[in-house]
Amino acid sequence: MSDARARKDDVSESAGWIIVGGTVIDRTGERRADVAIEPGGTVAAVGADLDLAALGLADATRLDATGCIVAPGLVDIHTHLREPGREEAETVETGSRAAALGGYTAVVAMPNTEPTIDSVAIVRQVLDAGVAAGLCDVRSSAAITMDRAGTTLTPMAELADLGVRIFTDDGCGVQDDRLMRRALEYASGLTVPVVLAQHCEVEALSEGGHMHEGEWSSRLGIPGIPAEAEELMVFRDIALSRLTGMRVHFQHLSTAGAVALVREAKAKGLPVTAEATPHHFTLTHAEVASYDPVFKVNPPLRTAEDVAAVKAGLADGTIDAIATDHAPHTADVKEAPFDIAPCGMLGLETALALGITELVEPGVLTMRELLALMSWNPAAIAGIADVHGRDIAPGAPAHLVVFDPAAEWTVDPSQFASKSDNTPYRGRVVRGKVRHTLLCGVPMVHDGKATR
Amino acid sequence: MAERERRLAPPYGGVFVPRTRVMGADDLKRATKRMAHEIIERNHGLDEVVLIGLQTGGVPLAARLHQQLEAIEGVDVPIGTLDVAFYRDDIGLRPVLPEAVTDIPCDLQGRIVVLVDDVLFTGRTIRAALDALSDHGRAKAVQLAVMVDRGHRELPIRPDFVGKNLPTRRDEVVDVNVDGVDLGEMRR
Amino acid sequence: MSRLVTNPRHGELRNLLSIADLGPDVAAGIGEVMTLTDSFVEVSERTIPKVPALRGRTVVSLFFEDSTRTRLSFETAAKRLSADTMNFSVSTSSVKKGESLRDTIETIEAMGVDAIVVRHSSAGVPLQIARWAQSAVINAGDGWHEHPTQALLDCYTIRQRFGDLAGRRIAIVGDIRHSRVARSDVAAFTALGAEVTLVAPPTLLPPSLEGWPVKVSHDLDEMLPELDVCYLLRMQRERMTEALIPSLREYVARYGLDAARADRLPEHALIMHPGPMNRGVEINAEVADRPNTVIIDQVRNGVAVRMAVLFLLLGSGTGWGGEVEG
């Protein structure tokens, strides 16, 4: 597995970088400090009044961070880069650029591509594409079952050797209880620690549904997906985690019931983790009244009570990470009738701003808690905490994000780097703008613009 | 008729503010009586005559004419109502919804139709009425009775029986009601 | 029922996608349609049932779902207003691929049309179309969502017999869950002050009735003696494969309007059905031919109601709704 590395030419020509005037926030705390980065891409020093000459960084490029927060780069453990197979909607390159603009230095690509990421060859293809784009550290997940068909396991050991640390059939959940048990048992015997991540959806209950089953689906005449379709699988996997002793990670939790189950499981000391998406802490099923398929997503937008429960789960540690489930789709497929259109929304370029505007500003989370959810917690789940989400201290690789938490902007998908447009937040005013994103010390985003 | 014009003239609706009383209640009665006599004379009796009042202004006048004709000749002339909303030539330029259902009392084939309206202005309503009537059979003749002819014709239409000729400015409004005829204007 | 109002400008009816579009005062809006329909009933009874009101206008039927009856009803209405008609019967297969819904609309509009009458098996399509189209859009039925002109002709038919709907007790019987007719009827009937009860097994009711101004009953027999209108919905045979009802026989036994049940309705009560009927299922063959079964009236009124809707959208300019205060 190749480490994220800036291209050689960038490294050799550089005289280092110095981030000036910002407030550094990482797991250890918050402090006003400048950050000096040496040409190799590691942090040289952190503090006020740094003596650059003494550090050998007299000619270092200055990156202005006045009024900004300097934090470890964000990590998205749930991104759809659509390559291979659906490059008209997004590619590893365009997705990496979108990620960098969103403040992400690492993303984990989901395996529901065409063909599925269930073999070493496809993993290599995705990783190579990430290195070639060079904008973001692209890691790959792999499927739990071949072609995500839910019948036979993928060669997990082989895939883990290539660096895969998250296995998921995302796009659907593993329906067969016995197969899921075997997958967990087998994975527990691998030489490296991996996690099985579940898209919780019992298809016998969700089949035919296109939005949350409830007040709005009844009114609009759209078949619904009951909350129980998610909760039943969460319950099952908690039980299987207990049975096998193996870690389980729950993807995109969307219901109050599911959050409660995870809270209870953690209280009992079970090795479970969970993530939630920005759309599940900001939007409800009432949005579907417009019949605009931009609001069609799986799991669907739920009730206000569910949104409140997700927020509470983010605040009290039940939910460990915010993950975007960035799901690009071309305009023509998203303009189909609601029941025919595919599910999914963009997320990479709006996640941080939504976290700041909807969680930090109203006091649900502190800035440091938000960064935990978006940087070092997901880094740990993805098994890349040695490189990403690290405390900003001398010797750490300089994967950093510099953002202005107060900068106000209006969401306009025509300005996005993503190839697609399907964001439900068009026209929304938010606060929190990325100024610089550094990968190995090299700015991938400088003054809000991608550098390549 | 004034009602309809009111809705079509700027400022599209509003309140009618009268300025001058042009005819009193007694004047109206006398004019109606005279017009009734004229109708009988012109048609040598009332054998084939049918009264059709245009919604809504022509309907009360048609009813009063009907009363007079019965008082004078002892004949109960067939009487009906006609709404021309579906025949207007200015649909799209803010036409109106029909104010009441059309009720034609008999087949108009071979009949003398006396169309009755309160005010004759541009003539477009009458043109629409002629169109509408032709859908109910081929009348032998169509004659027009109006209480007030205020000029400003835009089509070659002329009344056969007139209560009063009243020169007006285009922006003025004529209102025929139970108490008489008023000249005034629309105010928002 | 849908709280979504599609009119962008106050006081102007641009599209008819749901009963809510007749608002903000839905009762008054329905009332205006009813009054206007009276005029078109008169027109329809003439020897030559035609007026030149929409001459030069073009009305397109865009039916993605087969329905000869509704399409003919709209076409007759358009023709009686002297409008030109065009007919696009789109095959379902091209739609299933999600292809070119927008392209189809842009192609049609390029030919110069004034109104598009849409029927589609997916809820919300008329609203999506209305966002792209310049012409007026009329919803002729979208999935399970709404069928507003059906509800209007139902209101007109009841009004013809009873004068108005206020306080009338109406039962809607059958597969409410999958019925666009039911959703539009509930919106229209309740706006006019009727007392509506939904009668169906729990599996054929929507998952949530929150905010629906209706009562619910699972027992048709106890409802019958109190009703002014018994409105029967079509029972689709496909529902059996979805385990929504155990068998057609059980459905007929508990919810079918057979002769014995029809006898227990009050004498003045109306029996209604949106058509087409499944004789022997939701309605007994003999009951379908009784004098109080006003299904033929519904069809006849359908043309006049649709004439009124077309005239309101295309012929009446901005005379909708609020009068200017003096």
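This passage describes the core, selected elements and one chain contact of a predicted model.

The largest nonpolar core has 303 residues. Six residues have the most contacts inside this core: V70(A) and F167(A) from chain A, and I172(C), V173(C), C230(C) and L310(C) from chain C. Helix α11 of chain C, residues 295–315, supplies the largest share of the core, with 12 residues.

The surroundings of F167(A) were listed without its neighbours within four places in sequence. On that basis, F167(A) is in contact with S141(A), A142(A), A143(A) and I144(A). M156(A) and A187(A) also touch F167(A). V194(A), L196(A) and A197(A) complete the list.

Chain A also contains a hairpin, formed by β4(A) and β5(A). Strand β4 covers residues 34–37, and strand β5 covers residues 43–47. The two strands pair in the antiparallel sense, over 4 bridges. Within this pairing, I37(A) stands opposite V43(A) of β5(A). Between the strands lie 5 residues. One residue of the turn, G41(A), has a positive phi of about 100°.

Further along chain A, helix α9 runs over residues 228–244. The helix has 17 residues. From its first C-alpha to its last it reaches 24 Å, close to the 24 Å expected at 1.5 Å a residue. The buried residues of α9(A) begin with A229(A), E230(A), E231(A), L232(A), M233(A) and V234(A). D237(A), I238(A), L240(A) and T244(A) are the remaining buried positions of the helix. An α-helix has 3.6 residues a turn, so residues three or four places apart point the same way. Just after α9(A), G245(A) takes a positive phi of about 75°.

Chain A also meets chain C. Here 20 residues of chain A are in contact with 26 residues of chain C. Helix α8 of chain A, residues 215–220, gives the most to the chain A side, with 5 residues. By class, that side has 10 nonpolar, 5 polar and 5 charged residues.

Chain B has 188 residues, of which 39% count as buried. Its secondary structure comes to 4 helices and 8 strands. From the N terminus on, the elements of chain B run α-β-α-β-α-β-β-α-β-β-β-β. Contacts in chain B were also sorted by separation in sequence. Among those between residues at least 6 apart, 73% join residues at least 24 apart.

Notes: Residues numbered from 1 in each chain as written. Chains lettered and ligands numbered in written order. Predicted model: local features only at pLDDT ≥ 70, side-chain atom pairs only at ≥ 80, totals over all residues. Core = buried A, V, L, I, M, F, W, Y, C linked by C-beta atoms within 7 Å. Buried ≥ 20, exposed ≤ 12 C-beta atoms within 10 Å, placed from the backbone. Contact = placed C-beta atoms within 7 Å. Pairing = 2+ DSSP bridges. Expected span 1.5 Å × (residues − 1). Nonpolar A, V, L, I, M, F, W, Y, C, P; charged D, E, K, R; others polar.
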